[in-house]
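Trainee: I would like to learn how to read a protein model feature by feature. Could we go through one together, with the general idea and then the case at hand?

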Amino acid sequence: MGADRSGTPRRLTTVDEVEATVGRPASAIMLKQISVLDEGCRTILARCPVAAFGYRDADGTSRTTFIGGTPGFVRVHSPTRISFVLPESGDPHGPVSFFFLLPGVGEILRVNGSVATRKGRDGRRGGETTVDVEEAYVHCAQAVLRSRLWQPPAPLAEPAAGVTGDGPLGRPGVADFLAAAPFLALSTWDSSGGSDTSPRGDRQAVARILDGRTLVIPDRKGNKRADTLHNLLRDDRLSFAALVPGRSGVLKVRGRGTITDDPALLETMALRGMPPHLALLIDVEYAEVSGSDALVRSRLWTPGARLDGGPMPDMMALAGAHLAAGSAEADGGPPAFLLRAVAAIPGMTRLLRLVADRAYRYGLRKEGYEDVEDVEPGDGQPGGGRPGGGRWPGGGRWRRVVPRRGRSDAGAGAGGTGGLPASRTPLREVRVAEVRRETPSAVTLVLEDVGENQEPFDFRPGQFFTLVADLDGRPVRRAYSASSVPGSSRLEVTVKQVAGGRFSTHVHRSLRAGDRLAVRGPSGSFHAEPRPPDEIVLVAAGSGVTPMMSMIRTRLAARPGHGRIALLYSSRSESEIIFADELARLAKDHPDRLAVTHVLTGRDGRLDADGVRRWITGLSPARDAHYYVCGPGPLMDAVRGVLPALGVPDEQVHHETYTSSADTGTTATTTATTAPQEMTVEEDGRPVGTVMVEPGQTLLEAGLAAGLPMPYSCTVGNCGDCMVRLRGGEVTQNEPNCLTPRQKADGQILTCVTCPLSKVILDITEP
């Protein structure tokens with residue numbers, strides 16, 4: 001045993017050599033494996049927000065990633081068929097494998113199968129993959145317990161020591177990530193068409209760097225299945241994805257692995273003098289840190305992600321049911337009827353839970369782990385154990401307290417949630433009652449509450465709501481101004497088609513009466529005053545008329561006989577005038593109160609500063625009139641240049657800029673850095689938290705994934721709700737967006753479309 005004469009650690013190359021160290025699995029271990037997804041498995045899939053997924057491309061490249069983002073992201077079509085959306089470019093072929101994580105729970109559901117069909121075979125992001133299930137079983141909690149995966153995230157680690165030699169492990173951020181990563185998903189394949197993705201966990205770093213292209217992973221005692229070890233004897237290609245609790249990034253690695261029992265190497269990984277029995281040596285071919293959409297959306301390490309005590313079977317009881325099912329199909333196993341009878345004894349599930357927790361505790365101490373007294377007996381159900389946030393397998397729990405953002409929105413007002421930013425208001429499920437065509441390129445959605453209780457939609461005329469739809473397995477948000485009157489049981493928003501826009505295309509091509517969406521809001525400081533002046537002047541272009549329509553409808557209905565309204569409205573052509581018939585009718589019915597002037601750019605040319613000045617001068621508005629302007633940047637600039645010259649005070653001018661380009665689905669500019677960057681968030685001069693922003697992530701994504709109280713609404717740079725002050729560091733920000741030149745000069749940024757170029761400090765204090 002040990003190193004050979006060349007000094008290279010000895011490799012194990014046969015099954016006999018591996019089993020001489022690991023042993024053979026007990027028959028009961030193998031009998032827990034079933035060939036279909038039973039009711040317990042399906043319930044877990046319905047509750048699970050994220051899973052590790054191992055697959056190979058058509059060219060045989062091994063890949064491991066994390067998928068999901070919301071509970072139930074996997075669709076179960078039958079006991080032997082599931083499908084899901086792959087959140088990255090990739091084209092899975094052949095055998096694949098998963099393990100499903102439940103926040104706060106130690107045991108893991110593992111599922112293996114093979115790809116049946118794949119939508120979008122060109123490998124584009126968002127394609128749906130269908131998998132035929134071949135086996136499923138419950139994996140023990142040792143990897144989760146070793147890594148303390150569900151414990152409060154540790155403080156940011158000190159930078160790792162420099163990596164010796166050239167190789168992928170010297171890439172930006174890789175060594176630091178590995179130094180802090182206690183948990184990973186490791187994927188291997190055998191020579192007969194099977195795949196396995198198993199969890200690996202260790203105290204502190206689960207994988208350690210030997211040089212620029214070599215890693216070592218300790219193989220501590222487990223359930224003796226040793227699927228990974230047996231697979232590597234047949235096919236040495238592997239991949240893994242590593243996690244750091246509290247971070248929303250993933251380190252993806254692929255290479256070739258071998259098994260060693262070299263005593264000198266094993267001794268470097270000893271715990272309290274007890275080395276692992278084996279180790280994996282990995283010759284790394286690729287390593288890169290990137291943001292994970294699944295981790296961002298699932299927010300695994302925030303208290304809100306914890307299981308809420310709903311219908312979830314205990315994992316130990318599920319393993320027992322699988323053992324009974326496996327025994328019924330196998331020869332020589334314990335009688336299935338006896339296992340079922342034992343499981344039916346009152347209190348038996350709790351007893352099994354206690355036994356398993358004691359076994360976990362004993363096994364961890366035997367391996368050299370300290371602080372295992374944190375694993376305590378519990379009732380085996382989510383929500384059991386001590387008060388707090390999450391749950392260990394035995395019921396031990398943790399609490400993470402994050403100060404909440406107290407933000408007074410400039411749009412606070414008349415009832416409902418008008419005084420809260422959109423990020424503090426709950427999502428509200430609504431049904432599409434009607435899709436009304438306004439112009440060839442604009443439709444109005446009429447929305448109402450799902451169910452019998454039709455609550456009113458309270459907001460101030462001019463405010464917007466954020467609509468949320470599930471597109472290709474991912475929530476897509478867009479902000480749209482309300483065009484209806486506040487207080488009604490129906491909310492109307494008008495959506496204009498944008499070339500290449502994901503959300504607007506979905507609305508125009510796919511959305512029908514009866515479909516469901518979610519809305520958040522209201523939000524925004526562009527709205528009519530609680531006590532509006534006698535005269536208001538409105539200037540709009542294109543879909544910028546939608547908040548004006550809410551103001552017009554509300555004012556004419558609420559103040560009969562009082563208040564003058566003048567609207568200057570620019571459209572491309574007569575057919576593109578949104579609300580044309582209603583505006584004409586209202587002007588006819590209220591000739592002394594509403595005057596509408598149309599500018600058609602195809603006929604009259606673009607509305608410029610001279611045109612705005614002539615119109616306002618001819619209007620002769622009162623000195624105390626308020627002005628509301630909504631439209632694209634050039635129109636805003638024209639009006640802002642005219643009004644001061646006419647003596648209109650700034651406090652009487654209200655404006656809202658919209659940018660249609662954000663609807664294309666791009667949420668952040670391409671990052672100019674490939675390394676993770678540290679972000680510190682402060683409020684009222686006090687630190688709120690510090691997190692790492694992964695390459696490709698926005699500041700908002702990283703903050704939300706870590707549970708920080710970041711303000712936000714639309715997430716695409718349209719609404720301004722995520723505006724904060726940049727106190728330090730350098731960033732890159734998508735353009736165009738809704739920030740004004742003055743806001744940019746004052747150091748304000750939009751976290752939803754901003755990526756860091758260096759360490760940054762943000763102030764989320766409300767101005």
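Trainee: Let me begin with a pair of strands: which residue in E8 does Ile 108 stand opposite?

Mentor: Before the answer, please keep in mind that this is a predicted model. As a general idea, the strands of a sheet pair through backbone hydrogen bonds, and the pairing is either parallel or antiparallel. Here Ile 108 stands opposite His 139 in E8, and strand E7, which covers residues 108-118, pairs with E8 in the antiparallel sense over 10 bridges.

Trainee: In what order do the strands of the open sheet follow one another?

Mentor: The open sheet has seven strands with antiparallel pairing, and their order is E3-E2-E6-E7-E8-E5-E4. Strand E3 (62-68) and strand E4 (75-78) stand at the edges, and because each has a single partner strand, one side of each is left without a neighbour in the sheet. From one strand to the next, the twist averages 30°. Helix H3, made of residues 39-47, packs on this sheet and touches E4, E5, strand E6 (93-101), E7 and E8, while its direction makes about 85° with that of E7.

Trainee: How many helices and strands does the protein have, and how much of it is buried?

Mentor: The protein has 19 helices and 35 strands, and of its 767 residues, 55% are buried. Its accessible surface comes to about 31,300 Å², with 49% of that belonging to carbon and sulfur atoms. If you take the contacts with a separation of 6 or more, 71% of them involve residues 24 or more positions apart.

Trainee: Why can helix H6 be described as largely enclosed by the rest of the structure?

Mentor: The way to read this is to go through the helix residue by residue and ask which ones are buried, a word used here for a relative accessible area under 20%. Helix H6 spans residues 227-234, and six of its eight residues are buried, so the helix is largely enclosed by the rest of the structure. The buried residues are Asp 227, Thr 228, Leu 229, His 230, Asn 231 and Leu 232.

Trainee: And which strands do the buried residues of H12 pack against?

Mentor: In helix H12, which runs over residues 502-509, the buried residues are Phe 503, Ser 504, Thr 505, Val 507 and His 508. They pack against strand E18 (428-439), strand E19 (442-449), strand E20 (464-471), strand E21 (474-481) and strand E22 (490-496).

Trainee: Turning to charged residues, how many salt bridges are there?

Mentor: A salt bridge is counted when a side-chain nitrogen of Lys or Arg lies within 4 Å of a carboxyl oxygen of Asp or Glu, and by this rule the count comes to 33. One of them joins Asp 132 and Arg 81, whose closest N and O atoms are 2.9 Å apart. This pair links distant parts of the chain, with Asp 132 in strand E8 (residues 128-139) and Arg 81 in strand E5 (residues 81-85), 51 residues apart. Asp 132 is partly exposed, with a relative accessible area of 26%, and Arg 81 is also partly exposed, with a value of 31%.

Trainee: Are Arg 200 and Asp 219, which form another salt bridge, buried or exposed?

Mentor: Both Arg 200 and Asp 219 are buried, and the closest N and O atoms of their salt bridge are 2.9 Å apart.

Trainee: What does Glu 535 contact beyond its neighbours in sequence?

Mentor: Glu 535 has its place in strand E24 (residues 535-541) and is buried, with a relative accessible area of 6%. Leaving aside the neighbours within four places in sequence, Glu 535 is in contact with Arg 555, Arg 564, Pro 621, Ala 622, Ala 625 and His 626.

Trainee: Finally, which peptide bond is cis, and where does a positive phi occur?

Mentor: In general, most peptide bonds are trans, and most residues other than glycine have a negative phi. Here the peptide bond from Gly 521 to Pro 522 is cis, with omega near 15°, and Pro 522 lies in strand E23 (residues 516-523). Arg 299, a residue other than glycine, has a positive phi near 50°, and it is found in the loop between helix H8 (293-298) and helix H9 (315-329). Ser 620 also has a positive phi, near 50°, and at 53% relative accessibility Ser 620 counts as exposed.

Terms used
Residues are numbered from 1 along each chain as its sequence is written. This is a predicted model: local features need pLDDT of at least 70, side-chain atom pairs count only at pLDDT 80 or more; totals for chains, interfaces and linings use all residues. Side-chain values use heavy atoms; hydrogens and water are left out. Buried means under 20% relative accessible area, exposed over 50%, partly exposed in between (1.4 Å probe, protein chains only). Helices (H or I, at least four residues) and strands (E, at least two) are DSSP runs, numbered from the N terminus. Contact means heavy atoms within 4.5 Å. Accessible areas come from the Shrake-Rupley method with a 1.4 Å probe; for residues, only the protein chains shown count as cover. Two strands pair if DSSP finds at least two bridges between them. Axes are lines fitted to C-alpha atoms, for helices over the stretch in contact, and angles run from 0 to 180 degrees between N-to-C directions.
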